[in-house]
Amino acid sequence: MPPVSRRWLYLAAAALLAIALIGLNRAVKGVAHQRVAISNGIPAVVYEPGPQRPFAAPPPEGVKWPVLVLAHGFTGNTGMMSQLGRRLARAGYAVITFDFEGHGENPHPFGRSGRLGLRADLDAVLLYARTQPHYDPERIAIAGHSMGGFAVVDYASRDPGVSAVIGISGGAIPSGPYTPPNTLLIFASGDPEFLRDASREAGAHFAGLDRVVLDRTYGDASRGTAVRVSEVEGLDHITILYSTETARRMAEWLGATLGPGAAPEELSDGRVLWSGLAFLAFLVVFCALVDALAPLLPRSELPVLPHPWRALGMLLASQVGAALLLAGVDTLGSSGPFGFVPLVVGGELLGFYALGGLLLALPLARRGALPARGLRDLRVWAGAAALLGFSYLVLGTIAQPFASLWLAPHRLGPAGLGFVLSLPLFAGLEWSLRSGDRTGVWAPLLGKLAVLVVIALSVMAGLLPSVLLLALGAFALIFALLELFCWRLSRAAPNPWIAALLQALWTGWITGAIFPVIAA
């Protein structure tokens, strides 16, 4: 592209990014919401019917909204539940989302009391809901996704004061003394088979039948015995959270069990459009930032790849070797070699990255193909840090309709460990597969694909935690983004170390922000 045309493209993208961020900010205020601190240090976000009220303005006098407590799943947070929360607030319900222990901004370590920890968090949130003057304590429902779905169904079997329960891609026969009242179990057609089967079996158990027909209501909502099992077509374990159809079915169930909400509106989230436009603009503006930084960054001669398939074979062998080295580790009986990483599942993933990276990078270093002297140039670190900082600020903002990616203070340490442990992998990948010709375009992309394939096969073989398979789509998106960034870097400011540092910083950021934190 001619320099003049590229400059105009960059200016247009910067203008679109600014407009989209302003639009996102305005859309955020379309639903009344606020952050609250619940007892026991639980951070929460409360959504209420109507647009954002002026500062310190109280809710309408005499209002008693029905309430939905909305719990996230494993590796989730309040941000991941925000679309559902906002849509159901538009349907006329007060919605309380919160961070379980170890997740998001909750400072308490995950799993300190097993299931009792999740129950204690739900206890605290339900107490908050029942003591708010403008919430109706007689009309409270609880819903949860995945781990949160199992938690709320179990909780409802122990708390007779709940009016309705919704398990989203999560729900099983509980162990408490009560039958959960007015239960909707909803799952995606793309959910793992064991989750779909568990929902069907639990629904049949609650209805007192051997099996149930999907999308048929059994029992009587007025008596608290209504049961429904529903499947949403064309979605998977993650996208079910962002579907308007999911919100519609939940709103219908709440209307039938809690009663209609106050002045229901269209179940939309205006943030999504602005977020999508901002993301497209971000990709172009990121390239503009790379071009602007290029004159300030040190350049390195990209290695020639006379045998790219051999290099890809070495990468694949290193990842398989890492999986086999970790195969005998009993993480259920011990903390394992990477137990010092205080992240549930994230520690095992980072351990896989670290071992695979060392198996790839050490042979390169031995033959002088991984020159560590490049790391002595502070410009290399400054360039990678500047690109990460821009990504953190912009992507952290535009990702808000889908997940919260901000790092709470107690997550900075795990994020730093993620950077250190993943650096050998990305350094080996860049120095062994990146080149200045066409090979440098497809070979690193295939290398990242190979890493994902080995992770998937390792999960299916039982060598890595099964929950990683549910997040494989997110990993693929992140790897694709990183490859786009590194390809642009290789053209504007070729230096494998900058690309390696950027990818390791990104990995530390994402793993540190998402995976549950445990006691160090």
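**Exercises: one sheet, one cavity**

Let's start with a single pair: alanine 143 has isoleucine 166 in E6 as its bridge partner. This is a predicted model, where local features need pLDDT of at least 70, side-chain atom pairs count only at pLDDT 80 or more, and totals for chains, interfaces and linings use all residues. Numbering runs from 1 along each chain as its sequence is written, and side-chain values use heavy atoms, with hydrogens and water left out.

**Exercise 1.** Work out in which sense E5 and E6 pair, then place them in the sheet.

*Step 1.* Strands here are DSSP E runs of at least two residues, helices are H or I runs of at least four, and both are numbered from the N terminus. Two strands pair if DSSP finds at least two bridges between them.

*Step 2.* E5 (residues 135-145) and E6 (residues 164-168) share five bridges, in the parallel sense.

*Step 3.* Zoom out: the open sheet has eight strands, ordered E1-E2-E4-E3-E5-E6-E7-E8, with mixed pairing. E1 (32-38) and E8 (227-232) sit at the edges with a single partner strand each, so one side of each lacks a neighbour in the sheet.

**Exercise 2.** Find which helices supply at least two residues each to the lining of the largest cavity.

*Step 1.* On a 1 Å grid over the protein atoms alone, a cavity is a set of points where a 1.4 Å probe fits but cannot get out; lining residues have an atom within 4 Å of a point.

*Step 2.* The lining includes Leu302, Glu430, Cys486 and Ala499.

*Step 3.* The helices are H14 (472-492) and H15 (496-514). H14 gives the largest share, three residues.

Definitions and conventions: On a 1 Å grid over the protein atoms alone, a cavity is a set of points where a 1.4 Å probe fits but cannot get out, and a pocket is an open set with protein on both sides within 12 Å along at least five of seven lines; lining residues have an atom within 4 Å of a point.
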